[in-house]
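Here is a short tour of one protein model. Keep the structure open beside the text as you read.

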Amino acid sequence: MINTRKDSEKTVLVCYSSRKDKKHFHYEETLEELKFLAETAGADVVKAFYQEKDTFDVRFMIGKGKAEEISEYVTENDISLVIFENELSYTQLRNLEQKIKCKIIDKSKLILDIFASNARTAQAKLQVELAQLEYSLPRLTRQWTHLSKQFGGIGTKGPGETQIETDRRLIKTRISVLKEKLLKVDEQRKTQSKDRKKFFRISLVGYTNAGKSTLLNVLTGANVYVENKLFATLDTSTRSLELDVNEKSGDLSRYPKKVLLSDTVGFIKNLPHDLIESFKSTLSEVVDSDLLLHVIDLSNHNFEEQMEVVKSTLEEIHASGKSVINVFNKADLVKDTDVINHVKTKFKNAVVISAQKGLNVNAVIEKIKEELNKNNIEKTIRLKADEHKKLSAIYKLAEVSNVKYLKNSIKVTLKTNDKNISYIEKLTE
Ligand SMILES: Nc1nc2c(ncn2[C@@H]2O[C@H](COP(=O)(O)OP(=O)(O)OP(=O)(O)O)[C@@H](O)[C@H]2O)c(=O)[nH]1
Ligand SMILES: [Mg+2]
């Protein structure tokens, strides 16, 4: 835990990149994002070091000379924290600490730390603790020697065992306890969400800080926490979204009047795999969704790269292949109209909005309605001859193309989405 919040530690950033990756690697933006992350954790970033080499150094990640240069800077400027963009092995971490003589962490550790400070609910806390332990297991050093006290005698030191082995065993035990607890939370969530199955479910996904929570608030009148910080949201919040059905307009398309909209944790480049793994229960809402609203910060120069990161993270959690509406947000900050025209022509199913200023937000609703209508299927059902009330309910939920009054029954041909179909089928059982 870097505990930078209270005392604002003087911090330097370090980033290594391989010459081979030169074409695809924009170190200024990478360092800018790392700086934003560090500041989110409360660090006071005073300098950034960047090094490009053919290959990384197995001992220090960066070259030995660069490590010495950083070491000098750290001593002269009273730096207490060094943050690496690159993931460091246990050996690199130990070697760097010996050379630079101050606290050194990598980006994964930094993200874990931010998650730990932002976790509010029991579920988020369990998930973060699990990710932290999974992260620390292969990096175990002497700093963990007080674990047996912390975990209240779950195990005691066996004869001949080293302290690290004991600690490793304790961590493993704690990991299984956490996993079990999370399974229980997951089961509870599944029971609670049984009811939700009958609704069309939409999830807001996107890069962290893109404006997902702001859009949820604007669309549903919710009051979810919004901050110009990374990972402000770590839990899933679900609200219902009422869609007005204009029955007088002669538009016969039908969609459910009420759908569910969920906001959840955002993504970032190189999100530690342990975190994604342990946030599976939070992210399951995304996996179970019928439609995704991908919120993109159009004012960020790297928005296209960020879109790719979101796509690959969705693949990793097995939520790719769903219908997606691309919501280009923060248009109020974009002065260049070419950028707006570019995304409108390049990306399918795109809307350009400003969630904060409430600009064009209605276009999102219209797109959602279009998507709902796309899912319509045709179906023929039978009612008993006297079930007129049910027939009028069906008229509200579906586009009815044919009604035949037979001797003992009414045969109705209708078109609507699968959720409505299953509702109507239950109604007529
Ligand atoms: N200028 C401008 N700022 C916006 C807009 N939408 C959101 N913001 C700001 O962007 C910041 C992040 O907004 P959030 O809604 O918290 O973003 P998020 O995607 O939920 O972020 P995380 O939960 O941290 O992943 C806040 O400071 C918002 O006020 C917009 O349309 N225009
Ligand atoms: Mg949020």
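## Before we start

Helices (H or I, at least four residues) and strands (E, at least two) are DSSP runs, and their numbers count from the N terminus. The model shown is predicted.

## Two unusual backbone angles

Start with Phe231. This residue sits in the loop between H8 and strand S6 (237-242). Its phi is near 60°, a positive value in a residue other than glycine. Is Phe231 buried or exposed? The cut-off for buried is 20 or more other C-beta atoms within 10 Å. Phe231 has 22 C-beta neighbours inside 10 Å, so Phe231 counts as buried.

Now look at Asn270. Its phi is also positive, at about 55°, although Asn270 is not a glycine. Asn270 lies in the loop between strand S7 (258-263) and helix H9 (273-278). Asn270 counts as partly exposed, because it has 15 C-beta neighbours inside 10 Å. That number falls between the limits of 12 or fewer for exposed and 20 or more for buried.

## Strand S7 and its partners

S7 comes before the loop that holds Asn270. Five of the six residues of S7 are buried, so the strand is largely enclosed by the rest of the structure.

Which strands pair with S7? One is strand S5 (residues 200-206), which runs parallel to S7 and is joined to it over five bridges. In this pairing, Arg201 has Leu260 of S7 as its bridge partner. Another is S6, which runs antiparallel to S7, with six bridges between them. Here Leu241 stands opposite Val259 in S7. Strands of a sheet pair through backbone hydrogen bonds, either parallel or antiparallel.

## Around ligand 1

How many residues surround ligand 1? There are 24, and the closest are Gly211, Ser213, Asn228, Thr233 and Gly266. Helix H8 (residues 212-220) gives the most to this shell, with three residues. By type, the shell has seven nonpolar residues, 12 polar and five charged.

## The nonpolar cores

The largest nonpolar core has 85 residues. Those with the most contacts inside this core are Val82, Ile83, Val327 and Phe328. Take Val82 as an example. Leaving aside residues up to four places away in sequence, Val82 touches Val12, Val14, Ile70, Val74, Ile100, Cys102 and Ile104.

Another core lies apart from the largest one. This other core has seven residues, among them Leu397, Ala398, Val412 and Leu414. In soluble globular proteins, nonpolar side chains tend to be buried together.

## A three-stranded sheet

Three strands form an open sheet, in the order S11-S13-S12, with antiparallel pairing. The edge strands are strand S11 (377-384) and strand S12 (399-405), and each pairs on one side only. From one strand to the next, the twist averages 20°.

Look at how S12 meets strand S13 (residues 409-416): the two are antiparallel and share six bridges. Val403 stands opposite Val412 in S13. Val412 is also one of the residues of the seven-residue core.

Two helices pack against these strands. Helix H14 (residues 388-397) lies across S11, S12 and S13, and runs at about 15° to S13. Helix H15 (residues 418-427) packs on the sheet and touches S11 and S13. The direction of H15 makes about 15° with that of S11.

Conventions. Residues are numbered from 1 along each chain as its sequence is written. Chains are lettered from A and ligands numbered from 1 in the order in which they are written. This is a predicted model: local features need pLDDT of at least 70, side-chain atom pairs count only at pLDDT 80 or more; totals for chains, interfaces and linings use all residues. A nonpolar core is a set of buried Ala, Val, Leu, Ile, Met, Phe, Trp, Tyr and Cys residues joined through C-beta atoms within 7 Å. Two residues are in contact if their C-beta atoms, placed from the backbone, lie within 7 Å. A residue is near a molecule or strand if its C-beta atom, placed from the backbone, lies within 6 Å of it. Ala, Val, Leu, Ile, Met, Phe, Trp, Tyr, Cys and Pro count as nonpolar, Asp, Glu, Lys and Arg as charged, and the others, Gly among them, as polar. Two strands pair if DSSP finds at least two bridges between them. Axes are lines fitted to C-alpha atoms, for helices over the stretch in contact, and angles run from 0 to 180 degrees between N-to-C directions.
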